[in-house]
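Colleague: Before I take this to the bench, I'd like to hear how you back up the words you use for it. Can I quiz you while we look at it?

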Amino acid sequence: MSILLSVDGLDVTFDKHRVLADLSLNVEAGEILGIIGETGSGKTTLARAVVGLSPVRAGRITFDGTDLTALRGKARRAWRRTGQVQYVFQDPLRALDPQHTVARIVAEGLTVAGTLDRAAIDARVATALTQVGLDQSLAGRLPGQISGGQRQRVLLARAVALQPRLLLCDEPVSALDASNRNHVLRLLADLRDRSGVTVVVISHDLSSLAGIADRVAVLYGGRLVEQGPIERVLSEPRHPYTALLTASAPSVRREHPIPARALRPAPDHQPVAAFGPDACSYASRCPFATGRCTAAPATVEDTVQEAWSVACHHADEWRSRLVVGAR
Ligand SMILES: Nc1ncnc2c1ncn2[C@@H]1O[C@H](COP(=O)(O)OP(=O)(O)OP(=O)(O)O)[C@@H](O)[C@H]1O
């Protein structure tokens, strides 16, 4: 497989707060990559950086050979109009203009691009609606006149109409009930299977990624802590934070289940002493952290194993320090 998107040493800072720290990640063409992490870990900031909406302080984002971080002004606008990368916003209600019909919303990107005539745009809109499983009869409705699940599909249709090569979906199912959630997740997998589009799905809920993603990347405190094939990462996590995530998701099958309580610091745990900007982002919460973790995070490359990498100095031995049943 070839690499479609490459993020290299990305730093994003808001008001002196380092939201993404030296983050490197590849997305392979045709895969579904899940990005998981708790609220505030930087998932949305990462996706927005890819489409030029986060202020990149350092690092590089390359899409199929084009350095997106180097694009400015006219060049950036021209790149955007190609529609190759589509970011599907987190909140359908806020992302959809309440005054515009479904058809107009789905046509938006095509109209802005200005490369197709009216008839061709209408045909693309009809195809996009079908692709996301929406009936053509909804085309004349307003966002307020359709359900939450349908609104989520409209957002997807708007992106799909541009025939993107990469879809970045930010929490596509968090606002949906269980049955709609499964439908939308299956839809993403179908889109990938049929059109070959590469998909990145951002979620704070591991169970929703488990069924569809090929690989998973785990963020904590703006750093990538682990990435690899989702089945293997979930069944035998190598970073203590990933282990805690999987232990807290009952639907995820694990090879050697560890109770969540064994992965949380004990009440008498002394967090590792003062650490600087280069410390492992999980050090203050990690029951296995030592002085090494406060000096610098293990670089992901340190411990690469079959496209599975973990940024933890203790990846190979923290399990031997587990005190299961002691608390
Ligand atoms: N425009 C901004 N200005 C200032 N701080 C911001 C801005 N955008 C994000 N942040 C901060 O960056 C951090 C990461 O936010 P981000 O939305 O990327 O996290 P997330 O993992 O996507 O969380 P969620 O699951 O809640 O969406 C948070 O502390 C947030 O407050």
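Modeller: Go ahead, and let's start with Arg-76, which sits in helix α2. Keep in mind that this is a predicted model.

Colleague: What makes Arg-76 partly exposed?

Modeller: Count the C-beta atoms around Arg-76: there are 13 inside 10 Å. Exposed would take 12 or fewer and buried 20 or more, so with 13 Arg-76 counts as partly exposed.

Colleague: And which residues does Arg-76 touch, leaving aside its neighbours within four places in sequence?

Modeller: Gly-52 and Leu-71. As for Val-51, 25 residues away along the chain, its C-alpha is 9.6 Å from that of Arg-76.

Colleague: Why do you say that helix α2 lies largely in the open?

Modeller: Helix α2 runs over residues 73–81, nine in total, and the number buried is zero. To be buried, a residue needs 20 or more other C-beta atoms within 10 Å of its own; no residue of helix α2 is buried, so the helix lies largely in the open. Just after α2 comes Gly-83, with a positive phi of about 70°.

Colleague: Now the other end. What makes Leu-322 partly exposed?

Modeller: Leu-322 has 16 C-beta neighbours inside 10 Å. The partly exposed class is what lies between 12 or fewer and 20 or more, so Leu-322 with its 16 falls into that class. Leu-322 belongs to the segment after β11 (309–310), and it touches Ile-258 and Ala-262, not counting residues up to four places away in sequence. Between the C-alpha atoms of Leu-322 and Thr-39, 283 residues apart along the chain, there are 27 Å.

Colleague: Thr-39 is one of the residues around the ligand, isn't it? What makes a residue count as being around the ligand?

Modeller: Its C-beta atom has to lie within 6 Å of the ligand. Thr-39 is on that list, and so are Phe-14, Lys-43 and His-204, among others. Helix α1 (residues 43–50) gives the most to this shell, three residues.

Colleague: How do the residues of that shell divide into nonpolar, polar and charged?

Modeller: Two are nonpolar, eight polar and two charged. Gly is counted among the polar ones, and Gly-37, Gly-40 and Gly-42 are included in the shell.

Colleague: How is the chain divided into domains?

Modeller: Domain 1 covers 3–218 and domain 2 covers 240–321, with their C-alpha centres 30 Å apart. Their contact takes seven residues from domain 1 and nine from domain 2. On the domain 1 side, α8 (206–210) and β2 (17–28) each supply at least two residues, and the largest share, three residues, comes from α8. That side divides into four nonpolar, two polar and one charged.

Colleague: What makes the chain as compact as a globular protein of its length?

Modeller: First, the chain holds 11 helices and 11 strands. Its radius of gyration is 21 Å, and the globule rule gives 20 Å for 327 residues; the two are close, so the chain is as compact as a globular protein of that length. Buried residues make up 41% of the chain.

Colleague: Last one: which elements have the lowest and the highest mean pLDDT?

Modeller: Helix α3 (residues 92–95) has the lowest, 78, and strand β3 (residues 32–36) the highest, 97. The chain averages 89, and 93% of the residues score at least 70. For the complex, the predictor gives an ipTM of 0.95 and a pTM of 0.92.

Methods
Residues are numbered from 1 along each chain as its sequence is written. This is a predicted model: local features need pLDDT of at least 70, side-chain atom pairs count only at pLDDT 80 or more; totals for chains, interfaces and linings use all residues. Helices (H or I, at least four residues) and strands (E, at least two) are DSSP runs, numbered from the N terminus. Domain bounds come from an automatic or database domain assignment. Two residues are in contact if their C-beta atoms, placed from the backbone, lie within 7 Å. pLDDT is the predictor's confidence in each residue, from 0 to 100. The radius of gyration is taken over C-alpha atoms; the globule rule is 2.2 Å times the number of residues to the power 0.38.
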